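Please find below a colleague's note on the structure, set out as numbered points. It is meant to be read beside the sequence and the model.

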Amino acid sequence: MSAPPKTVLQATPEEEAAIRAAVRGAGGEGLVVAGPQHVAGLTRLLADPKVSDPIYDLPRPITEESVGRWIEQSEALRQKGECLLTVSLDEAGEVAGYSRFTVWPDRSSAEIAGARRADQQNSGQGRTGVGRSTAFMFEILGVRLIGLTAALDNVRSAAAIDGAGFERKGERESVRPDGSIRRSIYWEMTRDQWTRLHRL
Ligand SMILES: CC(C)(COP(=O)(O)OP(=O)(O)OC[C@H]1O[C@@H](n2cnc3c(N)ncnc32)[C@H](O)[C@@H]1OP(=O)(O)O)[C@@H](O)C(=O)NCCC(=O)NCCS
């Protein structure tokens, strides 16, 4: 399951409350929060192993029931200010990608998992996508730390995450919902590092 960063920050009660409010209030910045109307489209997206195989924290098996429950659970967490499950839609209105932000407001920290539909992979936009999501977490959600993981053999994610400026911090064991372990490359970036990168 999603794990908070290895580095432990302590948010003040005011900071924690502001992050929770920002998560609950997000959605106007071109983000489409996943709802019951996306169950079928998200299931079609995730049913493709090219989309879902590299991601450890998805419900499995991927069925409309499990995806429907996952959307409901994510929405319950969103209302607590701890999660945002969003979808991107193509011109036909079909689900063409998703992002799931997990937020630990008490630790001023977040992570993201996500994927593009197979026909939109190898877009050359991976790094920009990671950068856009990172800006969103630091600037809109207001966290101070992001931790990311990718499977050891996920060369595209690794290149995109390195390219967006994250710092490699070894490996970690990611736990799948069934309790099994996936070895991951692990990265962190602080808001200060991000701000410095974008001042240059
Ligand atoms: C990860 C994902 C979102 C990236 O989007 P994308 O459009 O495929 O990414 P890009 O085409 O920009 O490729 C990303 C980087 O990998 C590099 N790359 C691509 N193929 C590569 C290869 N075979 N070997 C080494 N690097 C490779 C690209 O050059 C690019 O690096 P750059 O920005 O330094 O040029 C997308 O591939 C995806 O949805 N994959 C399936 C799900 C997944 O892995 N999710 C992430 C879990 S952490």
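Which residue follows α6, and what is the sign of its phi?

1. The residue in question is Gly165, which comes after α6 and has a positive phi, near 105°. It should be kept in mind throughout that the model is a predicted one.

2. The helix that precedes this glycine has three buried residues: Ser157, Ala160 and Ile161. Viewed down the axis of α6, these buried residues lie within an arc of 95°, so they line one face of the helix. They pack against α5, β5 and β7.

3. Helix α6 (155-163) also belongs to the surroundings of the ligand, together with β4 and α5; these are the elements that give two or more residues to the shell. The largest share, six residues, is that of α6. In total, 21 residues surround the ligand, and the closest are Pro54, Ala115, Ser123, Gly126 and Ala159.

4. Strand β5 (residues 145-151), against which α6 packs, deserves a separate comment. Of its seven residues, six are buried, so the strand is largely enclosed by the rest of the structure.

5. Strand β5 pairs with two other strands, in opposite senses. With β4 (residues 109-116) it runs parallel, joined by two bridges; here Ser109 is placed opposite Leu145 of β5. With β7 (residues 181-190) the pairing is antiparallel and extends over seven bridges, and Gly147 has Glu188 of β7 as its bridge partner.

6. The connection between the parallel strands may be noted as well. A right-handed β-α-β unit is made by β4, α5 and β5.

7. Helix α1 (residues 13-25) comprises 13 residues. From its first C-alpha to its last it reaches 18 Å, close to the 18 Å expected at 1.5 Å a residue. Its buried residues are Ile19, Arg20 and Val23. Because these cover an arc of only 100° around the axis, they are on the same side of α1.

8. What lies over that buried side, and what does the opposite face carry? The cover of the buried residues of α1 includes α4 (64-79), β2 (83-89), β3 (95-104) and α5 (126-141). On the face turned away from the buried side are the exposed residues Glu14 and Gly25.

9. A glycine with positive phi is found after α1 too: Gly27 follows this helix, with phi near 140°.

How values were computed:
Residues are numbered from 1 along each chain as its sequence is written. This is a predicted model: local features need pLDDT of at least 70, side-chain atom pairs count only at pLDDT 80 or more; totals for chains, interfaces and linings use all residues. Helices (H or I, at least four residues) and strands (E, at least two) are DSSP runs, numbered from the N terminus. The expected span of a helix is 1.5 Å times one less than its number of residues. A residue is buried if 20 or more other C-beta atoms lie within 10 Å of its own, exposed if 12 or fewer, and partly exposed in between; C-beta atoms are placed from the backbone. The arc is that of the directions from the helix axis to the C-beta atoms. Two residues are in contact if their C-beta atoms, placed from the backbone, lie within 7 Å. Two strands pair if DSSP finds at least two bridges between them. A crossover is right-handed if, with the strands pointing away from the viewer, the path from the first strand over the helix to the second runs clockwise. A residue is near a molecule or strand if its C-beta atom, placed from the backbone, lies within 6 Å of it.
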